[in-house]
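Welcome, and thanks for taking a look at this one. Please keep the sequence and the 3D view side by side as you read.

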Amino acid sequence: MRKKIVAGNWKMNMDYNEGLSLFSEVINMVKDEVTGSQQAVVCSPFIHLHSLTHLAKGYAKVAVGAQNAHQAESGAYTGEISARMINSVGAEYVILGHSERRQYFGEDNALLAKKTDTALANGLKPIFCIGETLDERNAEKHFDVIKSQLAEGVFHLDEAHFSKLVIAYEPVWAIGTGVTASSAQAQEIHAFIRQEIAAKYGQPVADGITILYGGSCNPKNAPELFAQPDIDGGLIGGASLKSRDFVDIVKVFN
Ligand code: PEP
């Protein structure tokens, strides 16, 4: 059985106190209402991480992650945060390659390959995001885009390291737009991703990798999306800012 994960991406939202309140609500709801073996992961801004990992202590069903990490181990990179720092406050995951990082901060596959190496070397589990833009889908290039994001971003890893990844398929046209990929569209790409992984690392590795769907996922559409055989959970943006909505999505796996 693959691990089921519902990860929230708060993006640049929530001041310190708002974030702590939201997270406390999430923990209490998960404690009272989640009955399955799924994991809820909250990826907050850096300033919350230390406090959130303290609040989450003792609750195995809730983990904490960052939304980015620098590719270097340490050094003169003013304003940046390293993977080691993130690990040192108890965070377990880090989102890498989110389309907003690719689009607004120019992060390409080569840079993301380095970030993945550094995150793994420092004990973090990357949630590695891939996905095509609307233009790429309209030009029927979506399979090629996914293929090269995998090949150039993560297929340099050996099997042991690759197996620590979570992959998130996020069609860029569905992020924050209210437009969701249909369950058939999402399943088609998830199956393709698993097939690519099988071709590179073998079927057992492909069968063990958690692949999340992200893009306007909410409590209404999550049950149908998560019922697809190759969708193992979600990466949730907007709906992760409301504790009730986020935990209702987590509970789809109850
Ligand atoms: C995201 O940013 O990863 C995301 C999926 O956002 P939203 O759920 O708001 O579309």
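Here is a short briefing on the overall fold, one helix and its surroundings, and some charged pairs.

This is a predicted model. The protein chain has 12 helices and 8 strands. Its radius of gyration is 17 Å, close to the 18 Å that the globule rule gives for 254 residues, so the chain is as compact as a globular protein of that length.

**Overall shape and packing**

- Taken along the principal axes, the C-alpha atoms of the protein chain fill a box of roughly 45 × 45 × 35 Å.
- Of the 254 residues, 54% count as buried.
- Among contacts in the chain with a separation of 6 or more, 73% come from residues 24 or more positions apart.

**Surface and charge**

- The accessible surface of the protein chain comes to about 11100 Å², and carbon and sulfur atoms account for 52% of that area.
- The chain carries 23 positive and 29 negative charges, and the mean positions of these two groups are 5 Å apart.

**Helix 2 and its cover**

- Which residues of helix 2 are buried? In this helix, which spans residues 46–56, they are His-48, Leu-49, Ser-51, Leu-52, Thr-53 and Ala-56.
- The cover over these buried residues includes two other helices, helix 1 (16–33) and helix 3 (83–88), together with strand 2 (39–43) and strand 3 (62–66).
- If you follow the backbone onwards, you will meet Gly-58 just after helix 2, with a positive phi of about 90 degrees.

**A salt bridge between a loop and helix 4**

- Side chains of opposite charge can pair when their charged atoms come close. In this model the count comes to 14 salt bridges.
- One of them joins Lys-11 to Glu-100, with the closest N and O atoms 2.8 Å apart.
- Lys-11 sits in the loop between strand 1 (5–9) and helix 1, while Glu-100 belongs to helix 4 (residues 99–104), so this pair ties together parts that are 89 residues apart in sequence.
- Are the two partners buried or partly exposed? Lys-11 counts as partly exposed because its relative accessibility is 21%, and Glu-100 is partly exposed too, with a relative accessible area of 22%.

**Arg-244 and its two partners**

- Arg-244 forms a salt bridge with Glu-33, at 2.6 Å from N to O.
- This pair links distant parts of the chain, with Arg-244 in helix 12 (residues 243–250) and Glu-33 in helix 1, 211 residues apart.
- At 33% relative accessibility, Arg-244 is partly exposed. Glu-33 is partly exposed as well, with a relative accessible area of 21%.
- Arg-244 also meets Asp-248 in a salt bridge, at 2.9 Å from N to O.
- How many residues apart are Asp-248 and Arg-244 in helix 12? They are 4 residues apart, so about one helical turn separates them.
- Asp-248 is partly exposed, its relative accessible area being 27%.

**A shared network**

- Salt bridges with partners in common join five side chains into one network: Arg-2, Lys-4, Arg-194, Asp-230 and Asp-232.

Conventions. Residues are numbered from 1 along each chain as its sequence is written. This is a predicted model: local features need pLDDT of at least 70, side-chain atom pairs count only at pLDDT 80 or more; totals for chains, interfaces and linings use all residues. Side-chain values use heavy atoms; hydrogens and water are left out. Buried means under 20% relative accessible area, exposed over 50%, partly exposed in between (1.4 Å probe, protein chains only). Contact means heavy atoms within 4.5 Å. A salt bridge is a side-chain nitrogen of Lys or Arg within 4 Å of a carboxyl oxygen of Asp or Glu. The radius of gyration is taken over C-alpha atoms; the globule rule is 2.2 Å times the number of residues to the power 0.38. Accessible areas come from the Shrake-Rupley method with a 1.4 Å probe; for residues, only the protein chains shown count as cover. Lys and Arg count as positive and Asp and Glu as negative; His and the chain ends are not counted. The place of a charge is taken as NZ of Lys, CZ of Arg, CG of Asp or CD of Glu.
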